[in-house]
Amino acid sequence: PDVVSALKEIRRVLKPEGRFYFVEHGLSPDPAIAKWQHRLTPLQKVIADGCHLNRDPLALVREAGMTTESYRQFEAEGLPAVGAFMTLGIARK
């Protein structure tokens with residue numbers, strides 16, 4: 001339930017040269033889709049074990065004290081628009 005605390009723990013256990021590889025869906029830059037993500041997140045949290053459609057993965061990783069080494073954002077094919085905006089990245093301490 002506390003994603004920043006979980007990410008801080010990942011940061012804590014990373015070796016100094018370690019990397020955190022992540023892929024996560026998140027808040028779309030398209031305002032029309034983002035509006036629906038905000039609306040549907042309360043339901044999504046119930047039916048998908050706490051999953052949020054409207055989080056910003058890069059901001060969360062940075063809030064946990066990690067630096068993004070590289071990342072790529074894209075629309076995943078074959079997924080509904082409200083869950084298709086993805087961030088694939090590498091972060092470090």
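## A walk from the pocket to strand β2

β1 is the element that contributes most to the lining of the largest pocket, giving five residues. That makes the pocket a good place to begin, and please keep in mind along the way that this is a predicted model.

The largest pocket holds about 250 Å³ of space. Besides β1 (20-25), the elements that give two or more residues to its lining are α1 (3-13) and α3 (57-63). In total, 14 residues line this pocket, and those nearest its centre are Val3, Glu24, Arg55, Pro57 and Leu60. What is the chemical character of the lining, in nonpolar, polar and charged residues? Nine of its residues are nonpolar, three are polar and two are charged.

From here, let us move along to helix α2. This helix covers residues 31-47, which is 17 residues. From its first C-alpha to its last, α2 reaches 24 Å, close to the 24 Å expected at 1.5 Å a residue. Look for Thr41 as you follow the helix: a kink of about 50 degrees lies there, shortly before the proline Pro42.

Thr41 also appears among the buried residues of α2, together with Ile33, Ala34, Gln37 and Gln44. A general point about helices helps in reading that list. An α-helix has 3.6 residues a turn, so residues three or four places apart point the same way. With that in mind, try picking out Ala34, Gln37, Thr41 and Gln44 in the structure, all of them buried.

Both ends of α2 are worth a visit too. At the N-terminal end, Asp30 acts as a cap, with a side-chain oxygen 2.9 Å from the backbone nitrogen of Ala32. After the helix comes Asp49, and its phi is positive, near 55 degrees.

Our last stop is strand β2, which spans residues 67-75 and includes Thr68. Is Thr68 buried or exposed? Thr68 has a relative accessible area of 16%, so it counts as buried, the cut-off being under 20%. The side chain of Thr68 makes a polar contact of 2.9 Å with the side chain of Arg62.

Glu69 is found in strand β2 as well. Its relative accessibility is 38%, and therefore Glu69 is classed as partly exposed. Where does Arg19 come into the picture? Arg19 and Glu69 are 50 residues apart along the chain, yet their C-alpha atoms are separated by 8.7 Å.

Key:
Residues are numbered from 1 along each chain as its sequence is written. This is a predicted model: local features need pLDDT of at least 70, side-chain atom pairs count only at pLDDT 80 or more; totals for chains, interfaces and linings use all residues. Side-chain values use heavy atoms; hydrogens and water are left out. On a 1 Å grid over the protein atoms alone, a cavity is a set of points where a 1.4 Å probe fits but cannot get out, and a pocket is an open set with protein on both sides within 12 Å along at least five of seven lines; lining residues have an atom within 4 Å of a point. Grid points are joined across faces, edges and corners, and a volume is the space filled by probe spheres set on the points. Helices (H or I, at least four residues) and strands (E, at least two) are DSSP runs, numbered from the N terminus. Ala, Val, Leu, Ile, Met, Phe, Trp, Tyr, Cys and Pro count as nonpolar, Asp, Glu, Lys and Arg as charged, and the others, Gly among them, as polar. The expected span of a helix is 1.5 Å times one less than its number of residues. The bend at a residue is the angle between axes fitted to the seven residues ending there and the seven starting there. Buried means under 20% relative accessible area, exposed over 50%, partly exposed in between (1.4 Å probe, protein chains only). A polar contact is a pair of N or O atoms within 3.5 Å; within protein, one must be able to donate a hydrogen and the other to accept it, and residues adjacent in sequence count only if both atoms are side-chain atoms.
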